[in-house]
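Student: I am new to this structure and would like to go through it step by step. Could we begin with a term that will be needed later?

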Amino acid sequence: MKSLLSMASVSAIQHDNELKLYYNRKLAEGKDKMLAINNVRNKLIARAFAVVKRGTPYVVLQKYVA
């Protein structure tokens, strides 16, 4: 499961602008690459649990920012 989440986080960093910015911000803070990937992994897990808990599809909030 951990390896699947790691691959998902690497893919998310490449394709999701919000997670890409988060990853780059962590690297700019001087964090190790694997630590930053782990942080993205935790964000993906938090998103998945939030979607299941609410019972609604995931909404990209960046679309609605003015």
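Tutor: Certainly. A residue is called buried under 20% relative accessible area, exposed over 50%, and partly exposed in between. Please also keep in mind that this is a predicted model.

Student: Then where does Glu-18 fall, buried, exposed or partly exposed?

Tutor: Glu-18 has a relative accessible area of 36%, so it is partly exposed.

Student: Let us step back. How many helices and strands does the protein chain have?

Tutor: The protein chain has three helices and zero strands. Along the sequence, the pattern reads α-α-α. The helices are α1 (2-15), α2 (17-28) and α3 (33-54).

Student: What box do the C-alpha atoms fill?

Tutor: Taken along the principal axes, the box is roughly 35 × 35 × 15 Å.

Student: And what share of the residues counts as buried?

Tutor: The protein chain has 66 residues, and 23% of them count as buried. As for the surface, the chain exposes about 5200 Å². Carbon and sulfur atoms supply 62% of that area.

Student: Which residues make up the largest nonpolar core?

Tutor: There are nine: Ala-12, Ile-13, Leu-19, Tyr-22, Tyr-23, Ala-36, Ile-37, Val-40 and Leu-44. Each of α1, α2 and α3 supplies at least two residues of this core. The largest share, four residues, comes from α3.

Student: Why would such residues gather at all?

Tutor: In soluble globular proteins, nonpolar side chains tend to be buried together.

Student: Take Ala-12 as an example. What does it touch, leaving out residues up to four places away in sequence?

Tutor: With those neighbours left out, Ala-12 touches Leu-19 and Leu-44.

Student: How much do residues that are 24 or more positions apart contribute to the contacts?

Tutor: Among contacts with a separation of 6 or more, they account for 51%.

Student: Now a change of topic. How many salt bridges are there?

Tutor: The count comes to three salt bridges. In general, side chains of opposite charge can pair when their charged atoms come close.

Student: Which side chain meets Asp-16 in a salt bridge?

Tutor: The partner is Arg-47, at 2.7 Å from N to O. Asp-16 lies in the loop between α1 and α2 and Arg-47 in helix α3, so this pair ties together parts that are 31 residues apart in sequence.

Student: Are those two residues buried or exposed?

Tutor: They fall into separate classes. Asp-16 is partly exposed, with a relative accessible area of 22%. Arg-47 has 17% relative accessibility, and buried means under 20%, so Arg-47 counts as buried.

Student: And how does Glu-18 come into this?

Tutor: Glu-18 also meets Arg-47 in a salt bridge, at 3.3 Å from N to O. This pair links distant parts of the chain, with Arg-47 in helix α3 and Glu-18 in helix α2, 29 residues apart. Asp-16, Glu-18 and Arg-47 are thus linked in a network of salt bridges.

Student: What else does Arg-47 touch?

Tutor: Not counting residues up to four places away in sequence, Arg-47 touches Asp-16, Glu-18, Leu-19 and Tyr-58. With Tyr-58 there is a polar contact of 3.2 Å between the side chains.

Student: Which residues form the salt bridge outside that network?

Tutor: The side chains of Glu-29 and Lys-26 meet in a salt bridge of 3.7 Å, N to O. Glu-29 is partly exposed at 47% relative accessible area, whereas Lys-26 is buried at 17%.

Student: Let us finish at the surface. What makes up the nonpolar patch there?

Tutor: Met-1, Leu-4 and Met-7 make a nonpolar surface patch of about 390 Å². Leu-4 lies in helix α1. Its relative accessible area is 53%, and the limit for exposed is over 50%, so Leu-4 is exposed.

Student: And what about Lys-53, buried or exposed?

Tutor: Lys-53 lies in helix α3 and counts as exposed, at 77% relative accessibility. From C-alpha to C-alpha, Lys-53 and Leu-19 are 21 Å apart in space. In sequence, Lys-53 and Leu-19 are 34 residues apart.

Methods: Residues are numbered from 1 along each chain as its sequence is written. This is a predicted model: local features need pLDDT of at least 70, side-chain atom pairs count only at pLDDT 80 or more; totals for chains, interfaces and linings use all residues. Side-chain values use heavy atoms; hydrogens and water are left out. A nonpolar core is a set of buried Ala, Val, Leu, Ile, Met, Phe, Trp, Tyr and Cys residues joined through side-chain atoms within 4.5 Å. Buried means under 20% relative accessible area, exposed over 50%, partly exposed in between (1.4 Å probe, protein chains only). Contact means heavy atoms within 4.5 Å. Patches are made of residues with over 30% relative accessible area and no salt bridge: like charges are joined within 9 Å, nonpolar side chains (Val, Leu, Ile, Met, Phe, Trp, Tyr) within 5 Å. Accessible areas come from the Shrake-Rupley method with a 1.4 Å probe; for residues, only the protein chains shown count as cover. A salt bridge is a side-chain nitrogen of Lys or Arg within 4 Å of a carboxyl oxygen of Asp or Glu. A polar contact is a pair of N or O atoms within 3.5 Å; within protein, one must be able to donate a hydrogen and the other to accept it, and residues adjacent in sequence count only if both atoms are side-chain atoms.
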